Amino acid sequence: MKPSFFSRISETSGKISFYSLLLFLVAFPLSVSASQILAGLSIFCFIFSPKENFQKIKSYLLPWGFILGAYSLVFISSLYHWEEYSNFWKTFTRQSEAGDFWLSILFPIAAVHSSEEKNRKLIYKYLWISFLFILISGIASVFSEYRLGKYISNGFTPAPGDRRQHPAGPLFGFETYLPIGLMNTHLTYGGLISFYIPGLILLVLQKIREKDLKRTVGFGALLLLALWVFLLNQSKSAWLGVLAVTVYFILSKWKDFSGKFPKITIGRVSILIALLIALGGTVRFFYQKNWLLQRTLAQLTEIQTPENQRYWIYKLSLPLLAENPVLGTGGGRFKETSSEVSKTFIEKDEQLWYELYITPNKHAHNDILEFAIVGGWLSGILWIGFFYLLFRKISDSSLEKGNFPLVGIGFIWVAGFFQCYLLDDEVALPFFALAGLLWGREKETSSKFSIASTTFLTITLLLNTSFWIWRLSIPAELAYGRQVFASSSTLAKKIERRILPFRNQTEEREKRISEIISVSASEGNSEFSLEGCLTHRYPNPAKLREEDYSFGIYISPNWVNPPSKINVTVFSEESFDEDKLYWSHRKYDLETKELDLKPGWNSFVWKETMGLSKITIFPDIVFFRSFKIQFEGFNPEKQMDLPVLDLGDLCDFKL
């Protein structure tokens, strides 16, 4: 019997949906717009596909239900706060987290297509093509001064005002930059390549286990290139996520790995040692050649780091969670509500104004926390439920021959403790698609409670929570640190210890005054710069500061070799937000003074010399008054005792 017209339409729609999904896998590393169009086409055509597909979709309703439930609670919360929106529909459609729910529709559709064995060979091929596009575009962007996506769309011509790439230092005579592929930000690119790196690691281990030298070398070369781009990308949250999910899968599959690798022989051990030495040498070479990578690793123990910004983000976020635990604050209102909390910090310590202004406040920089804030506790818990099912699926997944392992999608759980990847369309959309492909191709082996998944989620969540409970217990006055630029990071850290915190921290101030910190004669004689204060006062519109700028210098009578003179150059630098306004950080000197130092407290005072706007909208025409400092008059044959510096609360030193 000849199929009916509607049957043919249905079959054709199903095929178009499937091939649109395949093209989506190729498109998402290349073009955000094209990938969203193809995703939309796949979803639309699936609606008219054979009814058997809708029978299959029932198998994936539980995990999808957790996702839709989390988004629905944000919508309910938004309706509850209806009257608090200045323009509900505009804010909700453009800014609300619930507006991204359509991205998740690709999850069950990808699962249905992946569940058909005849589709899998094509899916595997397109996954490889997708990975190679991500890798090649990333390598190309390492050597491109311009952001490749916009550069190509503008006809290989840089448009006026286009953002340049973040420099990463020279390599073999070529200037290199943070790899972002064809994406808009390096964090997005870090998320995309993270989907594939754990799978590539597993493929290398699999080929070693199978004693397949040819493929081991081939996959190993791809892995090294991917890891090089990944490390250069600087997405530390993605690093942690990739490490966590790789370790989780190997431990959950330990029985499959243990005892199945080649036997240990002297020759094989020698080859392994030689490879490790070569790998270590390569890593060391790239580390020495890349100042950005050096800075990133050094930041792990420094004060002024991106993690320090998260301190402020969470300080502003947690009060919102405490005030609205059940229904949340509503979608698209994080920035507005967190700004209200920041006012209380600024009114208490005005010096925090600039620090909080440059702190990103569009979202919580934590996936679970973000949904808990905007949709209530239950919204965050539903996401945890989804990740429980995801990691249960990852631990049950098999390493089929010719397959590209998709365990890397689990990186988002740990990485999501530090970035809102689920709010990034460029990452969230492929995440849902790849999660669907994983769910569809893996038959449900067991619906029993997963100890491995629960243990992993619990340990990682507790570790992250414990760290931030400890970190956030530090008062804001001690978490804040003025920026110091010195001839070495070691000297900068010592100077940071000599700067007193705000006046209400009496115990810490007394502790730092009583400390003795010495530096070498060359360090003591070197100039360093110290962040000062703004030319205008809170609130906004800002009024011109009327008080003189001042700071104190303390010399203990008991010190052996303190300086007897200090040279201070007051300089102006523009206040700017590097991630939003892209102003140049221009600096110029205003005045230099020399001051004799005596035991006890010494006071440096400077009066404004330039005519500035009386009233302005911050940060327009608002500047910093900062200080270059150089000590003199000490015995160069001995180490110099480093003086204590007190800028008061707002460059307003008082005895």
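A cavity, on a 1 Å grid over the protein atoms alone, is a set of points where a 1.4 Å probe fits but cannot get out, and its lining residues have an atom within 4 Å of a point. Grid points are joined across faces, edges and corners, and a volume is the space filled by probe spheres set on the points. Rolling a probe the size of a water molecule over the atoms shows where empty space is left.

**Before you start**

This is a predicted model, in which local features need pLDDT of at least 70 and side-chain atom pairs count only at pLDDT 80 or more, while totals for chains, interfaces and linings use all residues. Residues are numbered from 1 along each chain as its sequence is written, and side-chain values use heavy atoms, with hydrogens and water left out.

**Stop 1: the whole protein**

Show the cartoon first. You are looking at 27 helices and 15 strands; helices (H or I, at least four residues) and strands (E, at least two) are DSSP runs, numbered from the N terminus. Of the 655 residues in the protein, 52% are buried, where buried means under 20% relative accessible area, with a 1.4 Å probe and protein chains only. Now switch on the surface: the protein exposes about 31000 Å², and carbon and sulfur atoms supply 62% of that area. Accessible areas come from the Shrake-Rupley method with a 1.4 Å probe, and for residues only the protein chains shown count as cover.

Contact means heavy atoms within 4.5 Å. Among the contacts with a separation of 6 or more, 80% are between residues 24 or more positions apart.

**Stop 2: the largest cavity**

How many cavities of 30 Å³ or more does the structure hold? There are 6, and the largest has about 70 Å³ of space. Select Glu350, Gln351, Trp353, Tyr354, Glu531, Cys533, Leu534, His536, Arg537, Phe624 and Leu650 to see the lining of this largest cavity. Helix 18 (352-358), strand 5 and strand 6 (536-537) are the elements that give two or more residues to the lining. Strand 5 provides the largest share, 3 residues.

Try colouring the lining by class: 6 residues are nonpolar, 2 polar and 3 charged. In this scheme Ala, Val, Leu, Ile, Met, Phe, Trp, Tyr, Cys and Pro count as nonpolar, Asp, Glu, Lys and Arg as charged, and the others, Gly among them, as polar.

**Stop 3: the disulfide**

Keep Cys533 from that lining and add Cys651. These two cysteines form a disulfide, with their sulfur atoms 2.2 Å apart; a disulfide is a pair of cysteine sulfur atoms within 2.5 Å. The structure holds 1 disulfide. Which parts of the chain does the pair tie together? Cys533 lies in strand 5 (residues 528-534) and Cys651 in the segment after strand 15 (644-646), so the pair links parts that are 118 residues apart in sequence.

Look along the S-S bond next: its torsion is about 90 degrees, so the disulfide is right-handed. Cys533 is buried, at 0% relative accessibility, and Cys651 is buried too, with a relative accessible area of 0%. Check the backbone of Cys651 as well, where phi is near 50 degrees, a positive value in a residue other than glycine.

**Stop 4: Ser550**

From Cys651, move to one of the residues in contact with it, Ser550. Ser550 sits in strand 8 (residues 549-555) and is buried, at 8% relative accessibility. Leaving aside neighbours within four places in sequence, Ser550 is in contact with Phe604, Val605, Leu647, Cys651, Asp652 and Phe653. Draw a distance to Leu647: the two C-alpha atoms are separated by 6.7 Å, although the residues are 97 apart along the chain.

**Stop 5: backbone details**

Select Tyr538 to Pro541. The peptide bond from Tyr538 to Pro539 is cis, with omega near 10 degrees, and another cis peptide bond joins Asn540 and Pro541, with omega about 0 degrees. Pro539 is in the loop between strand 6 and strand 7 (542-544), and Pro541 is in the loop between strand 6 and strand 7 as well.

Then jump to His365, in the loop between helix 18 and helix 19 (367-375). His365 is not a glycine, yet has a positive phi of about 55 degrees. Is His365 buried or exposed? At 11% relative accessibility, His365 counts as buried.

**Stop 6: the second largest cavity**

Finish with Phe28, Val32, Ser35, Gln36, Met183, Asp425, Glu426, Leu429 and Pro430, which line the second largest cavity. About 50 Å³ of space lies inside. Helix 2 (32-47) and helix 22 (425-441) each supply at least two lining residues, and helix 22 gives the largest share, 4 residues.

Terms used: Buried < 20%, exposed > 50% of the residue type's maximum accessible area, 1.4 Å probe, protein only. 1 Å grid on protein atoms, 1.4 Å probe; cavity = no way out; pocket = protein on both sides within 12 Å on 5 of 7 lines; lining within 4 Å.
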